[in-house]
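Hello,

Here is the structure we talked about handing over. Please open it beside this message and follow along.

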Amino acid sequence: MSPLQELLPILTCPDDHGALRESGDGLECAGCGRRFPVLAPNLVELLPRVEALRDDGSAYSADYLAERSREFVFRADAEAWGAPEGRPEPWVERKYRQVEAVRELLLDGEPSEGVMCDFSAGAGYYTFAYARDWRYVLHCDLSVDGLAYAHRKAERLGLRNILFVRMDYLRPPFRGTLDRVVCLDSLIRGEAHEKRLLGTIRRALRPGGAAVVDFHNWWHNPIRRLGLLRNNFGPNRSYGAREVRRLLAEAGVAAPRY
């Protein structure tokens, strides 16, 4: 069976969280009847009917709406943000150290028979590395180019246990079905965004499930945070430990390990 056929029971309609079933060359919601395209045997598009964000004048909302409206097309030259081919070697090495650190949090030294899902998978650092540790891996993103890049690379690497899902992580196609979730380099858009995303991750987990997320540390470069040097983080947001604990509590996350 394909990853899509195996993982269909944990996918839900992003609109009403109804069960999905195969229908012709796509998927259909058993509740609302909406159909979703299967773009390849291991790639499905499960976007909500209505955008999760409105244009509020910010660069982030503009970028989100532009990407959300794109039609999926496989391009041979598509590239994902952070792809190792276009980054300095020290940056890539640091990223791989992060991958190993997160692996230790997810596993107790043994491969898992469960499912690991990356909510903002990008270039696939985590999904490609963890494909050998987990029975199945879900590589999720909104970006057309990012998914096309990662899908092409997985084919080249011969990875057959990854299901690629084009989704909106603020309205994901999961509800109480995921074993493990990672969402990294994404909780940087402001408190309202962070609390909303944390809430969707929490609701996507099955009972007993767990997630690993990260926040940009205010103390990573306090001189820049104080405005004494040029801001190189754009309109994005950094956090201290007290702020992170408050955000997690307000999002309903119980007993987090920091």
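**Strand β8 and its neighbours**

Start with strand β8, residues 178-187. It is mostly covered, with eight of its ten residues buried. Keep in mind throughout that this is a predicted model.

Strand β8 has strand β5, residues 112-118, as a parallel partner. Three bridges hold that pairing. Look at Cys117 there: its bridge partner in β8 is Val181. Strand β9 also pairs with β8 in the parallel sense, over six bridges. In that pairing, Cys183 has Val213 of β9 as its bridge partner.

One residue of β8 deserves a second look. Asp185 sits in this strand. Its phi is positive, about 60°, although Asp185 is not a glycine. Most residues other than glycine have a negative phi. Asp185 is partly exposed, because its relative accessible area is 37% and the partly exposed class runs between 20% and 50%.

**The whole sheet**

Now zoom out. In what order do the nine strands of the open sheet run? The order is β1-β2-β3-β4-β7-β6-β5-β8-β9, and the pairing is mixed. Strands β1 (20-23) and β9 (205-215) stand at the edges. Each has a single partner strand, so one side of each is left without a neighbour in the sheet. On average, neighbouring strands of this sheet are turned by 25° against each other, direction ignored.

Go to the β1 edge. Here β1 pairs with strand β2, residues 26-29, in the antiparallel sense. Four bridges join the two. Glu22 has Leu27 of β2 as its bridge partner. The hairpin of β1 and β2 has two residues between the strands. In that hairpin, Gly24 takes a positive phi near 65°.

Just ahead of this hairpin comes another positive phi. His17 is placed in the loop between α1 (3-7) and β1. Phi of His17 is near 60°, and His17 is not a glycine. The residue is partly exposed, with a relative accessible area of 25%.

Next, find strand β4, residues 43-45, and strand β7, residues 162-166. They run parallel and are joined by three bridges. Val44 stands opposite Val165 of β7.

**Helices α6 and α8**

Turn to the helices. Helix α6 covers residues 191-204, and helix α8 covers residues 241-250. Their axes come within 9 Å and cross at roughly 50°. That angle makes α6 oblique to α8. The crossing is right-handed.

Which residues make the contact? From α6 they are Glu191, Glu194, Lys195 and Leu198. From α8 they are Arg246, Leu247, Leu248 and Glu250. By class, the contact has five charged residues, three nonpolar ones and no polar ones.

Helix α6 also holds His193. Is His193 buried or exposed? It is buried, with a relative accessible area of 9%; the cut-off for buried is under 20%. Leaving aside neighbours within four places in sequence, His193 is in contact with Tyr60, Tyr169, Leu170 and Ser186. Ser186 takes you back to β8, which spans residues 178-187.

**Two more residues to visit**

Gly146 is in helix α5, residues 144-157. It counts as buried, because its relative accessibility is 3% and the cut-off is under 20%. Not counting residues up to four places away in sequence, Gly146 touches Glu79, Ala80 and Gly122. Gly124 is another residue to check from here. The C-alpha atoms of Gly146 and Gly124 are separated by 8.8 Å, and the two are 22 residues apart along the chain.

Arg97 belongs to helix α3, residues 89-106. Is Arg97 exposed or buried? It is exposed, with a relative accessible area of 53%; the cut-off for exposed is over 50%. Arg97 and Arg21 are 76 residues apart along the chain. Their C-alpha atoms are separated by 39 Å. Arg21 brings you back to edge strand β1, residues 20-23.

Best wishes

Methods. Residues are numbered from 1 along each chain as its sequence is written. This is a predicted model: local features need pLDDT of at least 70, side-chain atom pairs count only at pLDDT 80 or more; totals for chains, interfaces and linings use all residues. Side-chain values use heavy atoms; hydrogens and water are left out. Axes are lines fitted to C-alpha atoms, for helices over the stretch in contact, and angles run from 0 to 180 degrees between N-to-C directions. Angles under 35 degrees count as roughly parallel, over 145 as roughly antiparallel, 65 to 115 as roughly perpendicular and the rest as oblique. A crossing is left-handed if the near helix is turned anticlockwise from the far one by less than a right angle, and right-handed if clockwise. Contact means heavy atoms within 4.5 Å. Ala, Val, Leu, Ile, Met, Phe, Trp, Tyr, Cys and Pro count as nonpolar, Asp, Glu, Lys and Arg as charged, and the others, Gly among them, as polar. Buried means under 20% relative accessible area, exposed over 50%, partly exposed in between (1.4 Å probe, protein chains only). Two strands pair if DSSP finds at least two bridges between them.
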